[in-house]
Amino acid sequence: MEFNKALLIHHHHSGKANRENTVGLVAGVLAPAVHELVIVRTDEPGEGEKLCRERGEQFDVVFILGGDGTVHECVNGLADLQHPPLIGVLPGGTCNDFARSLGISPDAETAAQEMLAGRVVSIDVGRANDRVFTNFLVLA
């Protein structure tokens, strides 16, 4: 697969060590398949959701490097867009339950290679109390 413009979001505090090294490895895999690759680090809760809501339609694909929380934020930011981009989940958190449930490689670099080779999975998302969820729902 090739893309004109892609966003790679990574959360600074996601679970895996050597975050900068992982970002570099993933960017190295993605760059040859993307004309313009934008890399953004998020630091604060809600930052990924806001970024995706405000800029998501500018991209053909948004690659999310992080754990379940980062994925949850970004999906909520993209869900209501008129023209949402494709989403690529790259495991980079502590548990990566969502990525595991989809059979995505636990290695972010390998997962990126598989996505570019055409591995695509369609999923349904749920909505409760104006929030979108992918793989679990916690009612408080």
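Colleague: How many bridges join S3 to S4?

Modeller: First, a friendly note: this is a predicted model, in which local features need pLDDT of at least 70, side-chain atom pairs count only at pLDDT 80 or more, and totals for chains, interfaces and linings use all residues. Residues are numbered from 1 along each chain as its sequence is written, and side-chain values use heavy atoms, with hydrogens and water left out. Helices (H or I, at least four residues) and strands (E, at least two) are DSSP runs numbered from the N terminus, and two strands pair if DSSP finds at least two bridges between them. S3 and S4 run parallel, and the number of bridges joining them is six.

Colleague: Which residue in S4 stands opposite Phe 63?

Modeller: Look for Phe 63 among the residues of S3 that point one way, together with Val 61 and Leu 65. Across in S4, the residue opposite Phe 63 is Gly 88.

Colleague: How many of the six residues of S3 are buried?

Modeller: Buried means under 20% relative accessible area, exposed over 50%, and partly exposed in between (1.4 Å probe, protein chains only). Val 62, Ile 64 and Gly 66 point the other way from Val 61, Phe 63 and Leu 65, and all are buried. S3 is therefore largely enclosed by the rest of the structure, and its buried residues number six of six.

Colleague: Which strand pairs with S1 over eight bridges?

Modeller: S1 (residues 3-11) has seven buried residues out of nine, so it is largely enclosed by the rest of the structure. Five bridges join S1 to S3 (residues 61-66), and these two run parallel; His 10 stands opposite Leu 65 there, and Ile 9 has Ile 64 as its bridge partner. For the eight bridges, also in the parallel sense, go to residues 34-42. Leu 7 stands opposite Val 38 in that strand, which is S2.

Colleague: Which two residues form the aromatic pair?

Modeller: Rings of Phe, Tyr and Trp (its six-membered ring) pair if their centres lie within 6.5 Å; planes under 30 degrees apart count as stacked, over 60 as edge-to-face and the rest as tilted. The structure holds one such pair, and it is edge-to-face, with 6.2 Å centre to centre and 80 degrees between the planes. One partner lies in S1 and the other in S3, so the pair ties together parts that are 60 residues apart in sequence. Both are buried, and they are Phe 3 and Phe 63.

Colleague: Which ring does Lys 5 lie over?

Modeller: A charge sits over a ring if NZ of Lys or CZ of Arg is within 6 Å of the ring centre and within 35 degrees of the ring normal. Lys 5 is at 5.2 Å from the ring centre, over the face of Phe 59.

Colleague: How much space lies in the largest cavity?

Modeller: On a 1 Å grid over the protein atoms alone, a cavity is a set of points where a 1.4 Å probe fits but cannot get out, and lining residues have an atom within 4 Å of a point. Grid points are joined across faces, edges and corners, and a volume is the space filled by probe spheres set on the points. Searching the whole structure finds one cavity of 30 Å³ or more. The space in the largest cavity is about 30 Å³.

Colleague: How many charged residues are in the lining of the largest cavity?

Modeller: The lining residues include Gly 66, Asp 68, Val 89 and Phe 98, and H3 (68-78), S4 (86-91) and H4 (97-101) each supply at least two residues of the lining. Ala, Val, Leu, Ile, Met, Phe, Trp, Tyr, Cys and Pro count as nonpolar, Asp, Glu, Lys and Arg as charged, and the others, Gly among them, as polar. The lining has five nonpolar and three polar residues, and its charged residues number one.

Colleague: How many of the eleven residues of H3 are buried?

Modeller: Among the buried residues of H3 are Asp 68, Val 71, Cys 74 and Leu 78. H3 is largely enclosed by the rest of the structure because its buried residues number nine.

Colleague: What is the relative accessibility of Cys 52?

Modeller: Cys 52 is found in H2 (residues 47-55). Its C-alpha is 9.2 Å from that of Ala 79, although the two are 27 residues apart in sequence. Cys 52 counts as buried because its relative accessibility is 0%.

Terms used:
On a 1 Å grid over the protein atoms alone, a cavity is a set of points where a 1.4 Å probe fits but cannot get out, and a pocket is an open set with protein on both sides within 12 Å along at least five of seven lines; lining residues have an atom within 4 Å of a point.
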